[in-house]
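Q: Could you walk me through this one while I have it open? I'd like to start with a backbone oddity and then move on to the interior and the pockets.

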Amino acid sequence: MKEIKDILEPENIKSFVPGNYRWFDILYVSGQSTPISFKNNRLHSINQNQSSGIGVRINRDGKTGFSYTNNLQHVKETFIRAYEISRYCEEEGFDLPGDTKVLFEPFNPEIDNFDPLMEIEQAREFIASMEKDFNDISIDIGINAAKGFVHLVNSNGLSLSYRDSYYSASISTTLILDKGVRLDLWDSKSELRPVRWDELRLKLTDKIKRAITIEKISSGLYPVIFPPQAFGSLLGIVLSGLNGVAIWKGISPFCGKIGEKLFANRLTVYDDPFIEGSPFQIPFDAEGLSVSRKKLINEGVVERFITDLKYGERLGVGSTGNASRGYSSIPSPSFNGIVVEPGDEPFESLIKGIKRGIIAEQFIGLGQSNTLLGDFSANLDLAYLVEDGEIKGRVKDCMISGNIIDLLKGEFYLSSDRERKGSSLLTYAMFPAINIVA
């Protein structure tokens, strides 16, 4: 790491930058990972991967060129290439930051204790337990432990770096039920460090037991509960309209409506790069700006959208610290982490209040509608029938449709309990009337 910092120090770089320039920045990313894969109940592969690369942006005459390399010995050539490319690129008048502090590292040293043999044993124990409970179950498991290093420098003297760590376990199961009915279920978790994932077995076992019994439902309007993963998918349709790219292109339903009350009071959503335990935390964005926790929607009022330097300049608002990129790509605005303010009732209470309705766990084809305007239409890959406050079994061959923007304007309820799914901390959401086609 010290060698990298020495090579990429701004003063050293300036000695071989070709010609005149307004600014430049360099992003170096390196990482190593150990992916383990099980296919159809058996160990399939175990690998060790290492990768690194450098991305260079240089602005001359107001135009920004970009190039990248995987070879540290080719930094000078990469600069020259980016410099020459810049003459054909778009004009960008923004400036780079020069003073940002790194307040924390999203790194847990326990990642260094990752033991592939222990992980394989954990997976085998999980498979044996599931095979004991369910005949002819097919299980695929993916485990990965990774750690990385990010270093960013620019011509304004900025020199920042941090380490990160990542551990994940994803499990998918396939079960053939009576009459050849196929049941596919999955779940996953991600952490800063290796953990036991016994709760995944409990979750999947519970899902399978609920899904074995098939129930029927007729077409109509029903109350529907979306668990955090499903609610996050629907909320993503709304939040895509709060990306500065969509605002600048004029395709967002929120164009010209920032500051207006467009949703119900109970909806408050944050962009948060500091979600506890999340391996997706970041101490600064991909252009070297400080990150912060900020309200996107405050009690139904749309307060702000997210930008990077490019779109912040185009929209006249500056960057919100939401630039994201890898070393082989240019920056673009991206949410750092989504947090939904919880409601008053636990998930179990929401279920108890349903006379007859649906819990929609998994979708197929959610993005096939006009999502720019909030429309959604999808097959229910996994859904449960609720009667008199109790889950009765699985409903199949059903479709769900509606407009999530309109739904969030009306009556709905959010649970007091939340779950972290990937980079988001989400609630359960219950809507009193959504169209179900059986």
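A: Let us begin with D136, which is exposed, its relative accessible area being 71%. Please keep in mind throughout that this is a predicted model.

Q: Where does D136 sit?
A: D136 is found in the loop that runs between α4 (116–133) and β5.

Q: And what is the phi of D136 near?
A: The phi of D136 is near 55°, which is a positive value in a residue other than glycine. As background, most residues other than glycine have a negative phi.

Q: What about D388, where is that and what is its phi near?
A: D388 lies in the loop between β17 and β18 (390–395), and its phi is near 50°, again a positive value in a residue that is not glycine.

Q: Is D388 buried or exposed?
A: D388 counts as exposed because its relative accessible area is 53%, and the cut-off for that class is over 50%.

Q: Switching to the interior, which residues touch the most other members of the largest nonpolar core?
A: The largest nonpolar core has 49 residues, and those touching the most other members are F226, F263, F363, I404 and F431. Elements that give two or more residues to this core include β9 (220–226), β11 (294–298), α10 (404–409) and β21 (424–437), while α6 gives the most, with seven residues.

Q: What is F263 in contact with, leaving aside its neighbours within four places in sequence?
A: With those neighbours set aside, F263 is in contact with V238, F254, I297, G300, V302, I405, L408 and K409. There is also a second, separate core of 41 residues, which includes F114, I143, L200 and F347.

Q: Back to α6, then: how many residues does it have, and which are buried?
A: α6 has 12 residues and reaches 15 Å from its first C-alpha to its last, close to the 16 Å expected at 1.5 Å a residue. Its buried residues are P228, A230, F231, L234, L235, I237, V238 and L239.

Q: And S233, how does that count?
A: S233, whose place is in helix α6, counts as partly exposed because its relative accessibility is 33%. Leaving aside neighbours within four places in sequence, S233 is in contact with F363 and L366, and its C-alpha atom is separated by 9.7 Å from that of Q362, although the two residues are 129 residues apart along the chain.

Q: OK, pockets. How much space lies in the largest one, and which residues are closest to its centre?
A: The largest pocket holds about 740 Å³ of space, and of the 34 residues that line it, V150, Y162, D164, I282 and R325 are the closest to its centre. The elements giving two or more residues to that lining are β1 (23–39), β3 (49–60), β5 (137–154), β6 (159–176) and β13 (323–324).

Q: What is that lining like by class?
A: The lining of the largest pocket has 16 nonpolar, 14 polar and four charged residues.

Q: And what volume does the second largest pocket have?
A: The second largest pocket has a volume of about 400 Å³, and of its 19 lining residues, K203, K207, E361, E419 and Y428 are the closest to its centre. By class, the lining of this second largest pocket has eight nonpolar, two polar and nine charged residues.

Q: Which element gives the largest share of that lining?
A: The largest share of the lining of the second largest pocket comes from α5, with five residues. Other elements that give two or more residues to this lining include β7 (182–191), α9 (347–352) and β20 (413–421).

Key:
Residues are numbered from 1 along each chain as its sequence is written. This is a predicted model: local features need pLDDT of at least 70, side-chain atom pairs count only at pLDDT 80 or more; totals for chains, interfaces and linings use all residues. Side-chain values use heavy atoms; hydrogens and water are left out. On a 1 Å grid over the protein atoms alone, a cavity is a set of points where a 1.4 Å probe fits but cannot get out, and a pocket is an open set with protein on both sides within 12 Å along at least five of seven lines; lining residues have an atom within 4 Å of a point. Grid points are joined across faces, edges and corners, and a volume is the space filled by probe spheres set on the points. Helices (H or I, at least four residues) and strands (E, at least two) are DSSP runs, numbered from the N terminus. Ala, Val, Leu, Ile, Met, Phe, Trp, Tyr, Cys and Pro count as nonpolar, Asp, Glu, Lys and Arg as charged, and the others, Gly among them, as polar. A nonpolar core is a set of buried Ala, Val, Leu, Ile, Met, Phe, Trp, Tyr and Cys residues joined through side-chain atoms within 4.5 Å. Buried means under 20% relative accessible area, exposed over 50%, partly exposed in between (1.4 Å probe, protein chains only). Contact means heavy atoms within 4.5 Å. The expected span of a helix is 1.5 Å times one less than its number of residues.
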